[in-house]
Amino acid sequence: MTQPAVGDQAPAISLPRDGGEIVNLSDFAGKKVVLYFYPKDDTPGCTKEAIGFTDVVDEFAALDTVILGVSKDSVKKHDKFVAKHDLKIALLSDEDGDVCERYGTWVEKNMYGKTYMGIERATYLIGADGKIVQVWRKVRVPGHVDAVLDAVRAA
């Protein structure tokens with residue numbers, strides 16, 4: 001599956017979030033959206049990333065930007081993760097992996113010589129017009145939130 005690229009219309013999303021409410025990408029028409037994919041709730045890198053976005057959520061909001069995190073964890077796991085770390089961002093549950101597939105983040109990974117399928121940490125900045133403005137693949141957590149915030153300021 002090809003990954004959406006800069007300039008492409010962002011693939012539609014309709015997923016349950018923490019708390020159970022259904023979120024559609026189209027709900028945010030006219031706003032910018034930071035859509036970030038992460039492997040698993042409550043793991044060290046994913047926790048740092050979620051807390052990093054939470055720490056500056058007001059700065060993103062001031063720039064008319066919404067942050068949505070996506071993993072294959074269940075709504076129930078998201079609820080625990082949000083409560084444990086007092087997260088202020090929406091976490092979407094893509095249990096069947098459809099959205100991960102459409103964004104090209106469900107990939108073969110390799111750890112300690114074993115290959116397996118998993119979510120590649122990636123972030124998409126979607127403009128107010130619904131088109132992809134910037135893409136970060138194989139994200140490293142340190143400094144990433146600041147890079148995304150800078151890109152939103154520039155967009």
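So, how do the residues lining the second largest pocket divide into nonpolar, polar and charged? Hold that thought while I set the scene: what you have in front of you is a predicted model.

Let's take the pockets in order. The largest pocket comes out at about 480 Å³. It is lined by 19 residues, and Pro39, Lys109, Ile119, Glu120 and Arg121 are the closest to its centre. Two elements each give two or more residues to that lining: strand S6, residues 106-111, and strand S7, residues 114-119. By class, the lining of the largest pocket has nine nonpolar, nine charged and one polar residue.

Now back to my question. The second largest pocket has a volume of about 170 Å³. Of its 15 lining residues, Gln9, Leu25, Ser26, Ala29 and Gly130 are the closest to the centre. And the split there is nine nonpolar, four polar and two charged.

Okay, on to helix H3, residues 75-85. Val75, His78, Phe81 and Val82 are buried in this helix. Looking down the H3 axis, those buried residues fall within an arc of 120 degrees, so they line one face of the helix. If you want the reasoning, an α-helix has 3.6 residues a turn, so residues three or four places apart point the same way.

What sits over the buried residues of H3? The cover includes strand S1 (14-16), helix H1 (44-55), strand S4 (65-71) and strand S5 (90-93). Flip to the face of H3 turned away from the buried side, and you find Lys76, Lys80, Ala83 and Lys84, which are exposed.

One last detail: right after H3 comes Asp86, with a positive phi, near 50 degrees.

Conventions
Residues numbered from 1 in each chain as written. Predicted model: local features only at pLDDT ≥ 70, side-chain atom pairs only at ≥ 80, totals over all residues. Heavy atoms only, no water. 1 Å grid on protein atoms, 1.4 Å probe; cavity = no way out; pocket = protein on both sides within 12 Å on 5 of 7 lines; lining within 4 Å. Points joined across faces, edges and corners; volume = space filled by probe spheres on them. Helix = DSSP H or I, 4+ residues; strand = E, 2+ residues; numbered from the N terminus. Nonpolar A, V, L, I, M, F, W, Y, C, P; charged D, E, K, R; others polar. Buried < 20%, exposed > 50% of the residue type's maximum accessible area, 1.4 Å probe, protein only. Arc of directions from axis to C-beta. Contact = heavy atoms within 4.5 Å.
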